[in-house]
Amino acid sequence: MPRILYLLRHGQTRYNAELRLQGRCNSELTPRGEAQALAMGNRLSELLADPASWTLYASPLGRARQTAERVCQ
């Protein structure tokens, strides 16, 4: 059975909004970034039959973890 891999970028962070490079530095998601992550989760739930069976991997950076949590909501 073929598998499909979806790659997602983290939602907008404070540094992104300020046009700052962040590299390994971390900044929190903005309200817009949280909305983006929730929208990604909603869209994926429309595409995938059983969200409970998803396997999700995220970077250990806070912005990626925050995004992953919102996507799973």
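Q: Is R43 buried, partly exposed or exposed?
A: This is a predicted model, so everything here is read from computed coordinates. Exposed means over 50% relative accessible area and buried means under 20%. R43 comes in at 46%, so it falls in the class between those two cut-offs. That makes R43 partly exposed.

Q: Which residue does R43 meet in a salt bridge?
A: Look along helix α2, where R43 has a partner 3 residues apart, about one turn of the helix. An α-helix has 3.6 residues a turn, so residues three or four places apart point the same way. The side chains here come to 3.0 Å, N to O, and the partner of R43 is E46.

Q: Is E46 buried, partly exposed or exposed?
A: The relative accessibility of E46 is 59%. The cut-off for exposed is over 50%, so the class follows directly. E46 counts as exposed.

Q: What is the secondary structure of the chain, in helices and strands?
A: Start at the N terminus and the elements run α-α-α. The C-alpha trace around them spans about 40 × 20 × 15 Å along its principal axes. The tally is 3 helices and 0 strands.

Q: What percentage of the 73 residues in the chain is buried?
A: A residue needs under 20% relative accessible area to be called buried. Helix α3 has several that pass, among them R63, A64 and Q66. Over the whole chain, buried residues make up 27%.

Q: Which helix is included in what covers the buried residues of α3?
A: The buried residues in α3 include T67, A68, R70 and V71. One of them, T67, touches A37 and M40, among others. Both helices also supply at least two residues each to the lining of the largest pocket. The helix included in the cover is α2.

Q: Which backbone nitrogen does the side chain of T67 reach?
A: T67 sits in helix α3, which covers residues 62-72. With a relative accessible area of 5%, T67 is buried, and its contacts include R9, H10 and G11. The side chain gets to 3.0 Å from a backbone nitrogen, that of G11.

Q: How far apart are the C-alpha atoms of T67 and E28?
A: Along the chain, these two are 39 residues apart. T67 also touches L29. In space, the C-alpha atoms of T67 and E28 are separated by 9.9 Å.

Q: Which residue in helix α2 does R70 meet in a salt bridge?
A: R70 lies in helix α3, and the pair ties together parts that are 36 residues apart in sequence. R70 itself is buried at 16%, while its α2 partner is partly exposed at 28%. The side chains meet at 3.5 Å, N to O, and that partner is E34.

Q: With which residue does R70 form a salt bridge at 3.7 Å?
A: This partner counts as partly exposed, with 49% relative accessibility. The 3.7 Å is the distance between the closest N and O atoms. The residue is E69.

Q: How many salt bridges does a search of the whole structure find?
A: Some are pairs, such as E46 with R43 and R70 with E34. There is also a network of salt bridges linking R14, E18 and R20. The search of the whole structure finds 5.

Q: Which side chains does the side chain of Q22 join in polar contacts?
A: Q22 is in the loop between α1 and α2. At 7% relative accessibility, Q22 counts as buried, and the residues it touches include H10, Y15 and R63. One polar contact is 3.2 Å and another is 3.0 Å. Their partners, in that order, are T13 and S27.

Q: Which helix gives the largest share of the lining of the largest pocket?
A: About 850 Å³ of space lies in this pocket. Of its 24 lining residues, the closest to the centre are I4, L5, Y6, T55 and L56. The largest share of the lining is 4 residues, and they come from α3.

Q: How many residues of the lining of the largest pocket are nonpolar?
A: The lining divides into three groups. The charged group has 2 residues and the polar group has 5. The nonpolar residues come to 17.

Methods
Residues are numbered from 1 along each chain as its sequence is written. This is a predicted model: local features need pLDDT of at least 70, side-chain atom pairs count only at pLDDT 80 or more; totals for chains, interfaces and linings use all residues. Side-chain values use heavy atoms; hydrogens and water are left out. Buried means under 20% relative accessible area, exposed over 50%, partly exposed in between (1.4 Å probe, protein chains only). Contact means heavy atoms within 4.5 Å. A polar contact is a pair of N or O atoms within 3.5 Å; within protein, one must be able to donate a hydrogen and the other to accept it, and residues adjacent in sequence count only if both atoms are side-chain atoms. On a 1 Å grid over the protein atoms alone, a cavity is a set of points where a 1.4 Å probe fits but cannot get out, and a pocket is an open set with protein on both sides within 12 Å along at least five of seven lines; lining residues have an atom within 4 Å of a point. Grid points are joined across faces, edges and corners, and a volume is the space filled by probe spheres set on the points. Ala, Val, Leu, Ile, Met, Phe, Trp, Tyr, Cys and Pro count as nonpolar, Asp, Glu, Lys and Arg as charged, and the others, Gly among them, as polar. A salt bridge is a side-chain nitrogen of Lys or Arg within 4 Å of a carboxyl oxygen of Asp or Glu.
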